[in-house]
Amino acid sequence: MVATAATSAFFPVAPESGVKSSGKIGGSIPASVDARGIKSKSTSSGNLQVKAAHAPSKVNGTKVGLMEGRKTDDDVISSPPPRTFINTLPDWSMLLAAITTIFLAAEKQWMMLDWKPKRPDAIMDPFGIGRIVQDGLVFRQNFSIRSYEIGADRTASVETLMNHLQETALNHVKTAGLLDGGFGSTPEMCKRNLIWVVSKMQVLVDRYPTWGDVVQVDTWVAASGKNGMRRDWLVRDSQTGEILTRATSIWVMMNKETRRLAKIPDEVRAEISSYFVDSPPVVDEDSRKLPKLDDKSADYIRSGLTPRWSDLDVNLHVNNVKYVGWILESAPVSLLETHEIAALTLEYRRECLRDSVVQSLTSVLGNDVGSLANAGFVECQHLLRLESGGEILKARTEWRPKYAKRIGSIGELPAESA
């Protein structure tokens, strides 16, 4: 009965004509009660006879006709159905449709935010955040080579590799809990307005990764003399373990206000000395002196180089990676087309500021500059200088023919402590 009542509340059914209504609920309906519930008098009750009255044929001189037969349903104004609990409930079909729409929209958003790695070699460290390994002495981070990080050869540029080295160095300090402000400065360094600056860097590239490769970068620090720190890097193919690049660098402290080099305070040394690794550098030091270039000894000169706003770091001087791009501005195009950098030595002389105007000079050693396309290994010397005077950077690059056999021996990670 409840189901019938609920159904009739949502789907009302009009009663059929000519069907005598009767039911159990409330007893039987008398025949003298019409659909409106009004009880009519019988046409005959005992000897009482009722005579049907005739309507006048004229009203105020106008003939009036009589409508014969029963009235249509439109002529009968039916009363609204009684108000019950069932017919006051909302339309459940509309509510169900709304809930379904919300669930489908939520599922679509979840699929769009699906971050799970699809490649087996990207399972470890999928976000590239990095982590501490080797008893807390080595920092490791993965990088995926993006489409905007490759050059015409479909391989990562040397600037991309340098950016990976710099990023892991800063993340190492941050993960160790020593990053307080500035550009890799510890809390004690910030109190004394000290910052780290790189003075020398050597990079050996065995093979350049390609678009879509995932590289694993390991870095660690060690002491270098009384007032310096050495940082090393080892770059591997994360899937095969093949070593691609190794690099070493020397860092010194500079006062942020006076822009002069400073000694390492004992308080700062106490902060960082526990992270030093007792191991030799992964790249043997290149002690060859870099000669000074000038307008006469240089084969190629590019003038008018100026830093863009995006080239500045948080200390408001040109990022050291930008210097690598500037020295290549004066490299011969024939060398860039047929060779790639196998080794790179950089000696930083002074910082480059926002308003500096720079010249790039390149000298090709031991080869005819007109036949570089057919040359084997090529060595170049470079100089970045201010047009107003003063050296910024001296560099040496060693080039090999593209797709040549990979170079020499590769360094190893520091031995894990027992």
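This briefing covers a surface patch, the nonpolar cores and one buried arginine. The model is predicted. Trp92, Leu95, Ile99 and Phe103 make up a nonpolar surface patch. The largest nonpolar core holds 59 residues. Arg385 sits in strand β15 and counts as buried.

**Surface patch**
- Together, Trp92, Leu95, Ile99 and Phe103 offer about 430 Å² of accessible area.
- Trp92 lies in helix α2, which covers residues 92–112.
- Trp92 has 47% relative accessibility, so this residue counts as partly exposed; the exposed class begins over 50%.

**Nonpolar cores**
- Within the 59-residue core, Tyr323 and Leu346 touch the most other members.
- Setting aside residues up to four places away in sequence, Leu346 touches Met162, Ser199, Lys200, Met201, Val324, Ile327, Leu393, Lys394 and Ala395.
- There is also a second, separate core of 10 residues. Val133, Val138, Trp220 and Val283 are among them.

**Arg385**
- Strand β15, the home of Arg385, spans residues 378–386.
- Arg385 counts as buried because its relative accessibility is 17%, and the buried class is under 20%.
- The Arg385 side chain makes a polar contact with the side chain of Asp295 at 2.4 Å.
- Another polar contact joins the side chains of Arg385 and Gln359 at 2.8 Å.
- Beyond its neighbours within four places in sequence, Arg385 is in contact with residues including Leu293, Asp294, Val357, Val358 and Leu361. Gly390, Glu391 and Ile392 also contact Arg385.

Methods:
Residues are numbered from 1 along each chain as its sequence is written. This is a predicted model: local features need pLDDT of at least 70, side-chain atom pairs count only at pLDDT 80 or more; totals for chains, interfaces and linings use all residues. Side-chain values use heavy atoms; hydrogens and water are left out. Patches are made of residues with over 30% relative accessible area and no salt bridge: like charges are joined within 9 Å, nonpolar side chains (Val, Leu, Ile, Met, Phe, Trp, Tyr) within 5 Å. Accessible areas come from the Shrake-Rupley method with a 1.4 Å probe; for residues, only the protein chains shown count as cover. A salt bridge is a side-chain nitrogen of Lys or Arg within 4 Å of a carboxyl oxygen of Asp or Glu. Helices (H or I, at least four residues) and strands (E, at least two) are DSSP runs, numbered from the N terminus. Buried means under 20% relative accessible area, exposed over 50%, partly exposed in between (1.4 Å probe, protein chains only). A nonpolar core is a set of buried Ala, Val, Leu, Ile, Met, Phe, Trp, Tyr and Cys residues joined through side-chain atoms within 4.5 Å. Contact means heavy atoms within 4.5 Å. A polar contact is a pair of N or O atoms within 3.5 Å; within protein, one must be able to donate a hydrogen and the other to accept it, and residues adjacent in sequence count only if both atoms are side-chain atoms.
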